[in-house]
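Trainee: I have a model on my screen and would like to learn how to read it. Can we go through it together?

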Amino acid sequence: MPAPPIIALVDCNNFYVSCERVFAPRLEHRPVIVLSNNDGCVVARSNEAKALGIGMAVPEFTVRQIIKKHDVQVLSSNYALYADMSQRVMEVLEQFCPDLERYSIDEAFLSLNGFRSRHLCEYAQSIRATVKQWTGIPVSIGVADTKTLAKVAGRIAKRGGGVSVITRSDEKELASLSVSDVWGIGPAYARSLGQHGIMTALQLRQADNQFIKKQMGIVGLRLVMELRGIACLELEQCPVPKQGITCSRAFSRMLSSRDELEEAVSSYVTRAAEKLRAEHLAVRRLTVFVQTNEFKNVPQHNASTTLRLPMATDTTHELIRAALACLRNIYRKGFEYRKAGVMLTELVPIGQVQADLFDGQDTTQNRGRARKLMTALDSVNARFGSGTLQYASSGIERTWKTQFQKRSPAYTTDWKQLPLVG
DNA sequence: TCTGGGGTCCTAGGACCC
DNA sequence: TCTGGGGTCCTAGGACCC
């Protein structure tokens, strides 16, 4: 019988906070949090901040007392820095194990097939030490037979030691883990399982298949099988093609005029189209949505509309034209809008775009010109900073733009902001 | 009077993830 | 005063067809 596959989950500890600490050692041993766009919600917490009871994803203003009382260090998020640090961590991991799935910005699954079990713990420890030494980022590593069990092991590793290896016969660890801490169990499932007396990961593993299928569908059944050590989720080494691209933001203040919403939507489409071209894709379907403030007792108008384009495109001005048409459809005067967004779906590789049968010679020439313009636009913005060249419809003043009051410098991605020594 | 059933495609909504 | 953003997958139900 072949040995079961062995999966390691490498998870960066408190990733955004750890990135900030690499460049600002004064943040060590102190409570630190990182905030989302517009400094709205807490998206990362140091262990010290967690110990103070600051929850994940809570609005900043709800923990302001704690911040003040304990001198919590507060930072705006700096995604350019985190993406760059993530890349560095992944490159170190690839040196240890080329069979790797980049699962998220701060996590990777590694296939450790072929390692004998008694060496797994040492090997994981050496990965951990090397990542810390070469990048400054602390990681935890969980090792097990399946992805879901490796996630469980990762949870255990974070309790201390940094590495945890569990086997399918281990019951103690599963019994010590709340069902809501299992990968794939969110608040809704945790509640319904709890009502049936299933409180721990071990109880979930022992639950009846039919019951699970009924409560949580096929996804839930797969999850339980994985907890039993039966692999249902493969390591995805080749990045799967993107299904959609979204760009949406809450404004820094409420907007009611159509002109301002048009600026915002234009600039979101511009960003989405840049992502599209970076992936060498074109889009057939575009959705625009607007939202009022759901947290306030004010008149609400949440609406979205979708347009199917006559032909797949990656050209910014074509997409802006389509998006503004959508916006005119859903905009209603007299509401205070808090957020808007653009979603691109039905993506196709740009090389496979079917030429429209009814396209004449003129249109073909226009497409060639548009392609050259987009290439020039992207290279100028890459060279001189994003937003150097932009469409007038995106506005000039843009007082609604997302705010980052406490952002750290782009230490690693901008020469002008390199940290100085001495 | 009698009021099918199965397949496919699409969409909206729910649940989850980081 | 102040509440993120970007994804995935599955399912139920309606429309439509034969």
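Mentor: Start with one residue. E173 lies in helix α7 (residues 172-175). Helices here are DSSP runs of H or I with at least four residues, strands are runs of E with at least two, and both are numbered from the N terminus.

Trainee: Where do the numbers and letters come from, and what kind of model is this?

Mentor: Residues are numbered from 1 along each chain as its sequence is written, and chains are lettered from A and ligands numbered from 1 in the order in which they are written. This is a predicted model, where local features need pLDDT of at least 70, side-chain atom pairs count only at pLDDT 80 or more, and totals for chains, interfaces and linings use all residues, while side-chain values use heavy atoms, with hydrogens and water left out.

Trainee: Which residues is E173 in contact with, leaving aside its neighbours within four places in sequence?

Mentor: Contact means heavy atoms within 4.5 Å. Leaving aside neighbours within four places in sequence, E173 is in contact with I156 and I166. Look at L202 too. It sits 29 residues from E173 along the chain, and the two C-alpha atoms are 8.3 Å apart.

Trainee: Now helix pairs. How do I read one?

Mentor: Two packed helices are described by the angle between their axes and the distance between the axes. Axes are lines fitted to C-alpha atoms, for helices over the stretch in contact, and angles run from 0 to 180 degrees between N-to-C directions.

Trainee: At roughly what angle do the axes of α6 and α10 cross?

Mentor: The axes of helix α6 (residues 147-158) and α10 come within 7 Å and cross at roughly 65 degrees. That makes α6 roughly perpendicular to α10. The scale is this: under 35 degrees is roughly parallel, over 145 roughly antiparallel, 65 to 115 roughly perpendicular, and the rest oblique.

Trainee: Is the crossing of α6 and α10 left-handed or right-handed?

Mentor: A crossing is left-handed if the near helix is turned anticlockwise from the far one by less than a right angle, and right-handed if clockwise. The crossing of α6 and α10 is right-handed.

Trainee: Which residues of α6 and α10 meet?

Mentor: From α6 come K147, T148, L149 and V152; from α10 come L223, E226 and L227. By class, this contact of α6 with α10 has four nonpolar, one polar and two charged residues. Ala, Val, Leu, Ile, Met, Phe, Trp, Tyr, Cys and Pro count as nonpolar, Asp, Glu, Lys and Arg as charged, and the others, Gly among them, as polar.

Trainee: How do α11 and α12 cross?

Mentor: The axes of helix α11 (residues 258-278) and helix α12 (residues 316-330) come within 9 Å and cross at roughly 140 degrees. That makes α11 oblique to α12. Their crossing is right-handed. Among the residues that meet are L261 and V265 in α11, with L319 and I320 in α12. The contact of α11 with α12 divides into 10 nonpolar, three polar and four charged residues.

Trainee: On to the DNA. How many residues surround DNA strand C?

Mentor: A residue is near a strand if one of its heavy atoms lies within 4 Å of it. For DNA strand C there are 23 such residues, and the closest are N37, T246, S248, A250 and R338. β9 gives the most to this surface, with seven residues. Of the strand C atoms within 4 Å of the protein, 73% belong to sugar or phosphate and the rest to bases.

Trainee: Which residues have polar atoms by the phosphate oxygens of DNA strand C?

Mentor: A polar contact is a pair of N or O atoms within 3.5 Å; within protein, one must be able to donate a hydrogen and the other to accept it, and residues adjacent in sequence count only if both atoms are side-chain atoms. The side chain of R222 has an N or O atom 3.0 Å from a phosphate oxygen of strand C. A polar side-chain atom of K296 lies 3.3 Å from one. A250 uses a polar backbone atom, at 2.7 Å.

Trainee: How many residues surround DNA strand B?

Mentor: DNA strand B is surrounded by 14 residues, and the closest are S104, D106, K151, G184 and Y189. Sugar and phosphate make up 100% of the strand B atoms within 4 Å of the protein. The side chain of K151 places an N or O atom 2.7 Å from a phosphate oxygen of strand B. A polar backbone atom of G184 is also 2.7 Å from a phosphate oxygen there. α8 gives the most to the surface near strand B, with three residues.
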